[in-house]
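The following report considers the nonpolar core, the main pocket and one histidine environment of the structure shown here.

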Amino acid sequence: MQITAKDTTAHTALIDGLYSAVDAMNAEAVASFLTDDVIFRLGNFEAISGRKPVEAANASFFKTISGMSHTITGIWSSGDTVFCEGSVHYTRKDQSEHEVPFATRLGLRDGKIADYNVYADISGL
């Protein structure tokens with residue numbers, strides 16, 4: 001995970017920690033950033049509710065790839081809403097590679113992620 005964003009916000013450390021956990025493909029660490037009643041949506045998949053189901057979904061997704069690495073090129077926040085964008089580089093199980101742009105909107109409550117929306121096209125995986 002790399003942050004190349006020129007500006008930082010009060011939530012830059014949150015983005016750093018979250019995406020470090022994602023790139024380590026550590027579903028338990030990702031879940032540690034979430035509220036118990038989080039709503040998570042990736043791309044055009046159905047939304048998932050609850051920290052444990054989101055943790056399980058991430059663990060399942062991580063098993064489908066060999067690795068991933070995010071480059072964060074922008075981070076913005078307004079109140080309890082954080083936005084970031086960049087690119088994500090995937091390594092498939094056959095060791096071929098795939099990179100796509102992404103954007104994420106996080107809604108925070110009491111310092112944890114309660115609303116987690118990732119906008120990315122992962123159909124090429």
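## Core, pocket and a buried histidine

The largest nonpolar core, a set of buried Ala, Val, Leu, Ile, Met, Phe, Trp, Tyr and Cys residues joined through side-chain atoms within 4.5 Å, has 35 residues, and those with the most contacts inside it are Leu-18, Leu-106, Ile-113 and Tyr-116. Helix H1 gives the most to this core, with six residues; helices (H or I, at least four residues) and strands (E, at least two) are DSSP runs numbered from the N terminus. This is a predicted model, in which local features need pLDDT of at least 70 and side-chain atom pairs count only at pLDDT 80 or more, while totals for chains, interfaces and linings use all residues. Residues are numbered from 1 along each chain as its sequence is written, and side-chain values use heavy atoms, with hydrogens and water left out.

His-11 lies in the loop between strand S1 (2-3) and helix H1 (12-23), and it counts as buried because its relative accessibility is 15%, where buried means under 20% relative accessible area, exposed over 50% and partly exposed in between (1.4 Å probe, protein chains only).

Contacts (heavy atoms within 4.5 Å) are listed below, leaving aside residues up to four places away in sequence.

| Residue | Contacts |
|---|---|
| His-11 | Ser-77, Gly-79, Val-82 and Leu-108 |
| Tyr-116 | Leu-18, Val-22, Leu-34, Val-38, Ile-39, Phe-40, Arg-41, Thr-104, Arg-105 and Leu-106 |
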